[in-house]
Amino acid sequence: IPVDPFDLVVIGGTGDLARRKILPALYRRFCAGQVPDDAQIIGAARTAMDDAGYRDFVGAALDEFAGAAGCEDRARFLSIIGYVTLDVLGDAGWTELAGRLGQDRVQAFYFSVGPSLFGPIAERLQTYGMAGPDTRIVVEKPFGRDLTSARALNTDLARHFDEGQIYRIDHYLGKETVQNLMAIRFGNMLFEPLWNSQYVDHIQITVAETVGVEGRGEYYERAGAMRDMVQNHLMQLLCLIAMEPPSKFDPDAVRDEKLKVIRALDPIAPEDVVRGQYLADGDRPGFREHVGNAESTTESFIALKVRISNWRWAGTPIYLRTGKRLRARTSEIDVVFKDTPHSIFGPEAGRHRNILTIRLQPNEGIDLGVTIKEPGPGGMRLVDVPLDMTFAQALGPDAKDVPDAYERLIMDVVRGNQTLFMRGDEVEAAWAWTDPVIAGWEEAGTAPIPYDTGSAGPEESLALMHRDGRRWREIR
Ligand code: NAD
């Protein structure tokens, strides 16, 4: 369904994120017939360039990053692209930008720049008359590096925009399976009655990457896995899996419930955290070489045992882990149900548990492990088999049209739907929980444990589970 004409300004339009994600996403939506021909997409950045120069730039970005997706009339897409040279910290260019914008239409400004520029951009949008009631602004991660800086950013933005105009992106929320998590929980009778500590033994959330921090060393050395991944992406997944049913699928109803989960998290004890750092592997440099600090104590891996103190989840821990240079690139959530109260098949039947796996990548889909009789004449032997549903299989040819996270989120901005964006108080609550965990290891002066490339992280993270008589699902 096409949206109404809009103007989208990508501030930082010549940057890496614009090239790799934002512009290809807009192109794919254009090809899907969703972006009208009289919409405008305007890049704005310091590099001096004219419209034609930027169209060439965008064309090259599409060649490189739009993949096989596309449509015959690429020239038509490029014709809605423009460019304004401006320095965010100066005054040149802003009047020209204001003059380019259409009347009576949604105007969205995507701040695809570092967070230190969010405040100055918001201020100039106001000064140059571009902060009207229909203006929307989109900000990228990292939204601060602790509670104090996140609060300062929220205050800076709130001077010029209402909360209802601010779209804080966490691209994990734009993933199809993540939204399916809500559909599965609240669209089926089957799961919700079992979704509590009476039936769920524990939950695991794993986001594993095979890449290191190549090229992002400087940023990553100051961030680490806790700030870069847990505070935002894993926390968002945790909220969606653990929240109470919202009364309706509406932005504030959903975000109110997520906020309650964050506020119910227990502080983390030092023995419930394992941090790691990847070692060099043959010719491939290790973490310390990548960040240019031979004594770095920043973590490229972290595993945590998290407890939620509320009626639904008391007694059911949630284990989180994320890291770089691990065995495989995979993201999944596993809901591990408890044993049946009594086995009528006797001890030799072994221990069997239902596990609901929600795969974010690769092969987005859902897999429910069920126990059945092993076929054959050998008596009542039990075996676990997957009731597997890969979306690509289940949905057939329609699956390839599923928009990627950025496509969905950008169109949600244009439509004015904030459900999949983080609210200011949510981000602050997440930092309020994260800060003491970081302070804990900083005060104790503990160093991350080295681990091998291609492993599942430090052995100690396995021990975090073994100690509780549990084990991580394999990273595969
Ligand atoms: P980048 O350095 O590649 O691009 C920055 C852009 O901002 C460039 O277009 C540059 O010209 C412009 N810019 C910088 N200072 C400016 C100024 N004073 N005036 C006008 N323009 C200015 O950065 P990036 O990788 O595209 O990242 C942008 C933001 O998105 C960052 O906050 C980053 O943390 C975040 N982010 C990036 C990625 C990614 O994949 N690259 C992923 C998630 C979040």
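How many of the residues of α8 are buried? I looked this up before anything else. I found α8 to be mostly covered, with 21 of its 26 residues buried. I note here that the structure is a predicted model.

**Entry on helix α8 and His233**

I followed α8 along residues 217–242 and recorded a bend of about 95° at Gly224. His233 lies in this helix. I then consulted UniProt, where an unreviewed entry lists His233 under "active site". I asked whether His233 is buried or exposed. His233 has 22 other C-beta atoms within 10 Å, and it is therefore buried, the cut-off being 20 or more. I also looked up the contacts of His233, leaving aside its neighbours within four places in sequence. These contacts are Asp170, Tyr172 and Val207.

**Entry on the ligand**

Which residues are closest to the ligand? I noted Gly12, Gly15, Asp16, Leu17 and Val88 as the closest, in a shell of 22 residues. I sorted the shell by class and obtained 9 nonpolar, 7 polar and 6 charged residues. I next asked which element gives the largest share of this shell. Helix α1, residues 16–31, does so with 4 residues.

**Entry on the domains**

I looked up the domain assignment of the protein, which gives domain 1 as 6–140 and domain 2 as 173–404 + 421–466. I recorded a separation of 34 Å between the C-alpha centres of domain 1 and domain 2.

**Entry on Gly132**

I located Gly132 in the loop between α5 (118–127) and β5 (135–139). Gly132 has 11 other C-beta atoms within 10 Å, so I entered it as exposed, a class that requires 12 or fewer. I also compared the position of Gly132 with that of Pro267, 135 residues apart along the chain. The C-alpha atoms of Gly132 and Pro267 are separated by 41 Å.

**Entry on Arg470**

Where does Arg470 lie? I found Arg470 in the segment after α14, the helix of residues 459–466. I counted 15 other C-beta atoms within 10 Å of Arg470, and Arg470 is therefore partly exposed, since this count falls between the limits of 12 or fewer for exposed and 20 or more for buried. Not counting residues up to four places away in sequence, Arg470 touches His202 and Met465. I last looked up Arg470 together with Thr177 and noted that they are 293 residues apart in sequence. In space, Arg470 and Thr177 are 26 Å apart, C-alpha to C-alpha.

Technical notes:
Residues numbered from 1 in each chain as written. Predicted model: local features only at pLDDT ≥ 70, side-chain atom pairs only at ≥ 80, totals over all residues. Near = placed C-beta within 6 Å. Helix = DSSP H or I, 4+ residues; strand = E, 2+ residues; numbered from the N terminus. Nonpolar A, V, L, I, M, F, W, Y, C, P; charged D, E, K, R; others polar. Domains from an automatic or database assignment. UniProt positions renumbered as here; feature names shortened; annotations may be inferred. Contact = placed C-beta atoms within 7 Å. Bend = angle between axes of the 7 residues up to and from the residue.
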